[in-house]
Amino acid sequence: WQIGIDQIDLPIDAGLALGQHPLTSIRAVLPTVDTRQLRAMKVFLTDRGRNITTVMADRINSELGLSIIGTQTPSAVVPKVAKILGSGRSRALTLIRTELGRAYSAAGQERMTQAREVLPGLKKQWRRSGKLHPRPDHVVADGQIQEVADPFVIAGVKLAYPRDPEAPAKHTINCGCDSLPYMENWKVSNPDRLPFTDRERAANRFIRNFDGAVPSAADLEAPGGQT
């Protein structure tokens with residue numbers, strides 16, 4: 001939860017440090033985001049998992065909740081979730097990474113919603129994960145900019161943030177993408193899409209053939225748009 005907030009606060013504070021705004025720190029003017037808000041959001045989707053009973057989901061969500069509030073590490077959750085599932089470490093890791101990542105993104109979205117009230121012009125930008133074998137649709141979306149309150153559009157699917165609980169599983173499970181704060185007057189090294197590394201190009205044919213264009217939200221929503 002706090003990591004999700006930090007990913008918003010730290011870039012904003014770095015931008016404010018450039019002296020282009022009367023504020024000097026976003027944390028100085030924004031209230032702390034209470035972890036109780038996360039519980040109210042119901043971002044965990046463990047109950048949608050295959051062959052997971054309601055009782056199992058409740059137990060898993062309890063363990064995830066303890067990790068969110070910082071009383072146990074994610075690594076400590078893995079064997080507990082694996083035991084509840086009666087499965088190996090791999091399935092538990094997938095579930096934990098997805099659900100904690102979902103909470104992380106929900107915290108970031110909540111923080112940007114707060115920050116927008118004191119920082120006019122604040123927007124959000126989708127950033128791909130950098131994984132060697134990412135979802136092609138998420139590679140195409142890299143660099144997409146939206147208003148904080150508006151969803152990203154990924155292959156015609158609307159996501160408020162990466163791993164949005166309202167989005168289909170094909171766009172959320174094991175997704176490693178991020179939603180970062182964006183201001184037009186910030187000077188950043190890669191304002192559009194991130195460059196691919198040699199390792200990414202060597203490992204992934206889609207990336208090698210990708211032309212690098214960042215389509216607009218309208219293009220992605222239109223029939224026949226890039227996916």
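**View 1. Strand E1 and its partner E5 in this predicted model.** Here E1 lines up with strand E5 (residues 178-182) in the antiparallel sense, and five bridges tie the pair together. For a landmark, look for Arg 127, which sits opposite Asp 178 of E5.

**View 2. E1 beside strand E2.** E1 also pairs with E2 (residues 145-147), again in the antiparallel sense, this time over three bridges. Which residue of E2 is the bridge partner of Lys 123? That's Glu 147. If you're picking an element by confidence, E2 has the highest mean pLDDT among the elements of the protein chain, at 97.

**View 3. A close look at the side chains of E1.** Lys 123, Gln 125 and Arg 127 point one way from the strand, while Lys 124 and Trp 126 point the other way. In a regular strand, side chains alternate between the two faces of the sheet. Are these E1 residues buried or exposed? All of them are buried, the lysines and the arginine included. Since five of the five residues in E1 (residues 123-127) are buried, the strand is largely enclosed by the rest of the structure.

**View 4. The largest nonpolar core.** This core has 18 residues, and the ones touching the most other members are Ile 52, Ile 60, Leu 64, Val 81, Leu 85, Leu 95 and Ile 96. Helices H3 (54-68), H4 (74-85) and H5 (89-116) are the elements that give two or more residues to it. A second core, separate from this one, has 12 residues, including Leu 30, Ala 115, Val 148 and Met 183. In soluble globular proteins, nonpolar side chains tend to be buried together.

**View 5. The low-confidence tail, residues 215-227.** pLDDT stays under 50 over this stretch, and the model has 22 contacts for it beyond four places in sequence. Helix H9 (residues 217-221) has the lowest mean pLDDT among the elements, 45. Where pLDDT is low, the predicted coordinates shouldn't be read in detail. For the protein chain, the average pLDDT is 81, and 77% of the residues score at least 70.

**View 6. Stepping back to the protein chain.** Nine helices and five strands make up its list of elements. Buried residues account for 45% of the 227 residues. Of the contacts with a separation of 6 or more, 66% come from residues 24 or more positions apart. The chain exposes about 11700 Å², with carbon and sulfur atoms supplying 52% of that area.

Notes
Residues numbered from 1 in each chain as written. Predicted model: local features only at pLDDT ≥ 70, side-chain atom pairs only at ≥ 80, totals over all residues. Heavy atoms only, no water. Buried < 20%, exposed > 50% of the residue type's maximum accessible area, 1.4 Å probe, protein only. Helix = DSSP H or I, 4+ residues; strand = E, 2+ residues; numbered from the N terminus. Pairing = 2+ DSSP bridges. Contact = heavy atoms within 4.5 Å. Areas by Shrake-Rupley, 256 points an atom, 1.4 Å probe, with all protein chains shown as cover. pLDDT = per-residue confidence, 0-100. Core = buried A, V, L, I, M, F, W, Y, C linked by side-chain atoms within 4.5 Å.
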